[in-house]
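Q: Please take a close look at the surroundings of the ligand. Then go on to the sheets and their helices.

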Amino acid sequence: MKIQVVSNRLPLEVEIKKDKGEISAKPASGGLATGLSGLRQAYDMVWTGWPGSITSSARERAEIERFMAKRSLFPVWLSKKDYNGYYKGFSNKVIWPLFHYFCQYPQYRQVYWKAYVKANLAFCNRILENASEEDIFWINDYHLMLLPEMIRENLPHAKIGFFLHIPFPHFEVFRQLPWRKEILEGLAGAGLIGFHTQQYADYFLHCVNQILGCGIDDGTFEVKGRTVRAGSFPMGIDYQKFTECARQPDVISTVRQYREEYQGKKIILSVDRLDYSKGIIQRLRGFDRFLENNPAQRGKIALLELIVPSRVGVEQYRQLKKEIDEFSGKINGKYGTPFWTPVRYFYRSVDFPTLCGLYYSADIALITPRRDGMNLVAKEYVAVHQGQPGVLILSEFAGAAQQLRESITVNPNSIDAIAQAIEKALDMPVEEQTKRLEAMQKVIRKTDVKDWAAGFIEKLRMAAARTKSTLES
Ligand code: ADQ
């Protein structure tokens, strides 16, 4: 028996160097890969996904295949056209905006849907080359929602789990999707469907009830003689790695540099992928309002915006970046002096010591997505602040807000609420900051990413065992 992990991207980015013909590979350090590292000791594990390359050369593909096979990775090859339709089209122009409640954004195009079906089928065929009914299948995220049922049709008794990393929306939003029934039927091929919060699981079950007409009983429903369970599995971080980072020499030296640079000024930090769901513009407006209402704070505080490039080349994202550039410039033009820059904005990915140094140096983390499945940045900030005061301001629309109850929660659409939350954070006594951080650290420690992965697999095995005994009796 082995665990078959499936996700859109493999945890390794490979490329063939054109000049030397050598393969270069760098690990994609996502939370999922970290969570699964613990399971590797207990299970054989293979991982199927898109390799990050759209080469159509048979020789290059064969080379990448060989390289990956040694690491138990199985690439799914898609043509550029199919990848664009499935990933850039259906996944990111239909599901992503709709599931994040941006209901005017989806482009419900039949070509995208067809590419999505075709790509899910390509994943299925690739998996079946190397699968047995004894395996445990763990399918991840919104790119592959048809895959559970596709695998089920071929391996009726397999243990299939699915985890959604983004929110599952309310029925009134989900029902707008022209392919709502097909998506639910695809997901229902799994025996266990996991979400970050109980609310997402409840919304999903309500949709199953309304659209597929299945009765719901204690988080489960019956489909084609099988029981499907939906539940909440809040994803965590590698807690130890983040708590220990503040002792590393390169992190300590980064923190020292920030302290010298900012000389007693309060630092507010934001870290996001560039995305409209992250509420970056609203946050800048909130900071602007704060400076307007609090002239005495001008010169004493700075907002550091760290933004990771994402979905580069998509017009909507280009436009968003332009707006962020302009608005940051506007605030700096309005309030800045030769000795003080209110907004410092970095558009790049940073290495781990720099990220941790920033977290540790920041007096306030301002994390205000308009919607977010979980938001791991909030957890990382809290974990790094061991014995170091700090305040987390968190959007009530992030899944993490369900767990991090001692944060200052805000409605990210309210400019005044953001401004007031910054005031409250600045006024918060150190003892209260420490008390709140410790309470949140306790929660984060308990739901570490390795426990999350092990817990999901354990629950999946239990769900499959129950279904088997029901079918046999
Ligand atoms: P994301 O939308 O990418 O994930 P998030 O959960 O915050 O959002 O994860 C971002 C990760 O990227 C964090 O681990 C962070 O450390 C890292 N990161 C961010 N900016 C960086 C930078 N400039 N340089 C280096 N690293 C940076 C999706 C969903 C979330 C869900 C996760 C996990 O949208 O809601 O929490 O998956 O399920």
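A: A polar backbone atom of Arg348 lies 3.0 Å from a nitrogen atom of the ligand. This is a polar contact, a pair of N or O atoms within 3.5 Å; within protein, one must be able to donate a hydrogen and the other to accept it, and residues adjacent in sequence count only if both atoms are side-chain atoms. The model is predicted: local features need pLDDT of at least 70, side-chain atom pairs pLDDT 80 or more, while totals for chains, interfaces and linings use all residues. Numbering starts from 1 along each chain as its sequence is written, and side-chain values use heavy atoms, leaving out hydrogens and water.

Two side chains also reach the ligand. Arg273 places a polar side-chain atom 2.9 Å from a ligand oxygen atom. Ser349 has a polar side-chain atom 3.5 Å from a ligand nitrogen atom. In total, 21 residues surround the ligand, with a heavy atom within 4 Å of it. The closest are His165, Val308, Val350, Asp372 and Glu380.

Now the sheets. Helices (H or I, at least four residues) and strands (E, at least two) are DSSP runs, numbered from the N terminus. Strands pair if DSSP finds at least two bridges between them.

One open sheet has 6 strands, in the order 13-12-11-14-15-16, with parallel pairing. Strand 13 (343–347) and strand 16 (408–410) are at the edges with a single partner strand each, so one side of each has no neighbour in the sheet. Neighbouring strands are turned by 20° on average, direction ignored. Strand 11 (residues 266–273) and strand 14 (residues 364–367) run parallel, joined by 2 bridges. Here Ile268 stands opposite Ile364.

Two helices pack on this sheet. Contact means heavy atoms within 4.5 Å. Axes are lines fitted to C-alpha atoms, for helices over the stretch in contact; angles run from 0 to 180 degrees between N-to-C directions. Helix 11 (residues 280–293) touches strand 11, strand 12 (301–308), strand 13 and strand 14, and makes about 175° with strand 12. Helix 14 (residues 376–384) touches strand 11, strand 14 and strand 15 (391–395), at about 170° to strand 15.

A second open sheet has 8 strands, ordered 5-4-1-6-7-8-10-9, with mixed pairing. Its edge strands are strand 5 (73–75) and strand 9 (220–223), each paired on one side only. The twist averages 20° from one strand to the next. Helix 8 (residues 198–212) packs on this sheet, touching strand 8 (192–195), strand 9 and strand 10 (226–232).
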